[in-house]
Structures are given as C-alpha cells and as structure tokens.
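Me: I would like to go through this protein step by step and ask, for each label, what justifies it. Could you take me through the reasoning?

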Amino acid sequence: MIHFILLFSRQGKLRLQKWYTTLPDKEKKKIVREIVQIILARHQKTSSFVDWKDLKLVYKRYASLYFCCAIEDQDNELLTLEVVHRYVELLDRYFGNVCELDIIFNFEKAYFILDEFIIGGEVQDTSKRSAVKAIEDSDMLQETVEEYMNKPAF
C-alpha cells in the first residue's frame, strides 16, 4: 500500500502531495521536510530506494521534478517505480510533454489524474486510455457548465 506520494522540485519546493494515511498537519510537514532533504542529498547514480523508518521510499526524477512514494516494507519497489512511471505517462498524455509549470498552474488536474489512477493507496486502473478519458469528460463538462452560466438569461 502507498502511504503517500510527494512531487517536489530540485530546489525542494513541494508541488503536489497526496496522503493515504491520516496524520496531523504538523507531522506531515515534518515528514515532507525530512524526506525532501534525504532525497535531494543523495547522489544521482545511487539507488532510487531508501529505507526510512518502517517504510520504503521509492523515488524517480523526471526533468526538474522528483516523484516519491512511501510504501510498506514488504511491498515491491520495482512495481512502485512502474506506478510512478505510469502516473508520469498519464500526465504526459494529458498535458503533452508535462513540465513543472503544468503541475503548478494545473494542480487540480494533476490531483484528478492521480485520483483516477490511485484510490486509497492502491492502483485502481492501469489503463491510460480510461484515466485520460475521465479527465477529458470532466473538462468537457466544465466547459459546458461555463458556457451555460455565461449565456444571458432572458
């Protein structure tokens, strides 16, 4: 089970976080600070797996963003790397070549894509097509509502 997912920049700025375990906000901030420091301090050629407390951190860097998942000790690290890669593929498919600015300015879409893919810390649907279709349907509905609301009522 995935306990949380963090996306942060090379400068340590948190761009996205999704928690699947309940923790107080103060504890979450402490954890984020600690994990960002640990991962940014690691050499680029080292393993993408870190034993941390009673969990394992699995991370991968794509361009200027780090994608980090905390999984249980007995979970498969390589499968988690595949989950991270699939999420990046979904973001690429929706945004075109996704970059950090896409996440910053469209964070609600990034969360929506993540929620279509992972629910409660477990992968729900591995199909890229169905996840992207759900997002496109949501966009279409939003555009329709905006058009309807902008029409004059007389």
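Reply: We can begin with a term: a cavity is a set of grid points where a 1.4 Å probe fits but cannot get out. Rolling a probe the size of a water molecule over the atoms shows where empty space is left. Please keep in mind that this is a predicted model. By this rule, the count comes to one cavity of 30 Å³ or more.

Me: What volume does the largest cavity have, and which residues line the largest cavity?

Reply: The volume of the largest cavity is about 50 Å³. Its lining is made up of Ile-5, Phe-67, Cys-69, Val-83, Val-84, Tyr-87, Leu-114, Phe-117 and Ile-118. Strand 5 (65–72), helix 2 (77–95) and helix 4 (107–117) are the elements that give two or more residues to this lining, and helix 2 gives the most, with three residues.

Me: How many residues of each class, nonpolar, polar and charged, does the lining of the largest cavity have?

Reply: The lining has nine nonpolar residues, with no polar and no charged ones.

Me: What makes Cys-69, one of those lining residues, count as buried?

Reply: Cys-69 lies in strand 5. A residue is called buried when its relative accessible area is under 20%, and Cys-69 has 1% relative accessibility, so it counts as buried. Leaving aside its neighbours within four places in sequence, Cys-69 is in contact with Ile-2, Phe-4, Ile-5, Lys-56, Leu-57, Val-58, Thr-80 and Val-84. Of these partners, Thr-80 is eleven residues apart from Cys-69 along the chain, and the two C-alpha atoms are separated by 7.5 Å.

Me: Strand 5 has come up twice now, so what is the order of the strands in the open sheet, and which are the edge strands?

Reply: The open sheet has five strands in the order 2-1-5-4-3, with antiparallel pairing. Strand 2 (14–19) and strand 3 (49–52) are called edge strands because two strands pair if at least two bridges are found between them, and each of these two pairs on one side only. On average, neighbouring strands of this sheet are turned by 20 degrees against each other, direction ignored.

Me: How do you know that strand 4 pairs with strand 5 and with strand 3?

Reply: The test is that at least two bridges lie between two strands. Strand 4 (residues 55–62) and strand 5 have eight bridges in the antiparallel sense, while strand 3 and strand 4 have four, again antiparallel, so by that test both count as pairs. Individual partners can be named as well: Lys-56 stands opposite Ile-71 in strand 5, and the bridge partner of Leu-57 in strand 5 is Ala-70. Towards strand 3, Phe-49 stands opposite Val-58 in strand 4, and Trp-52 has Leu-55 as its bridge partner there.

Me: Which helices lie across these strands, and at what angles do they run?

Reply: Helix 2 lies across strand 1 (2–9), strand 2, strand 3, strand 4 and strand 5, and runs at about 40 degrees to strand 4. Helix 4 lies across strand 1 and strand 2, running at about 35 degrees to strand 2. Strand 3 has a covered face, with Val-50 and Trp-52, and an uncovered one, with Phe-49 and Asp-51.

Me: What makes phi worth noting at Lys-53?

Reply: Most residues other than glycine have a negative phi. Lys-53, which is not a glycine, has a positive phi near 50 degrees. Lys-53 sits in the turn of the hairpin formed by strand 3 and strand 4, which have two residues between them. Exposed means over 50% relative accessible area, and Lys-53, at 56% relative accessibility, therefore counts as exposed.

Me: Where does Ala-63 lie, and why is Ala-63 called exposed?

Reply: Ala-63 lies in the loop between strand 4 and strand 5, two strands that form a hairpin with two residues between them. Although Ala-63 is not a glycine, it has a positive phi of about 55 degrees. Its relative accessibility is 66%, and since the cut-off for exposed is over 50%, Ala-63 counts as exposed.

Notes
Residues numbered from 1 in each chain as written. Predicted model: local features only at pLDDT ≥ 70, side-chain atom pairs only at ≥ 80, totals over all residues. Heavy atoms only, no water. 1 Å grid on protein atoms, 1.4 Å probe; cavity = no way out; pocket = protein on both sides within 12 Å on 5 of 7 lines; lining within 4 Å. Points joined across faces, edges and corners; volume = space filled by probe spheres on them. Nonpolar A, V, L, I, M, F, W, Y, C, P; charged D, E, K, R; others polar. Axes fitted to C-alpha atoms, helices over the stretch in contact; angles between N-to-C directions. Contact = heavy atoms within 4.5 Å. Buried < 20%, exposed > 50% of the residue type's maximum accessible area, 1.4 Å probe, protein only.
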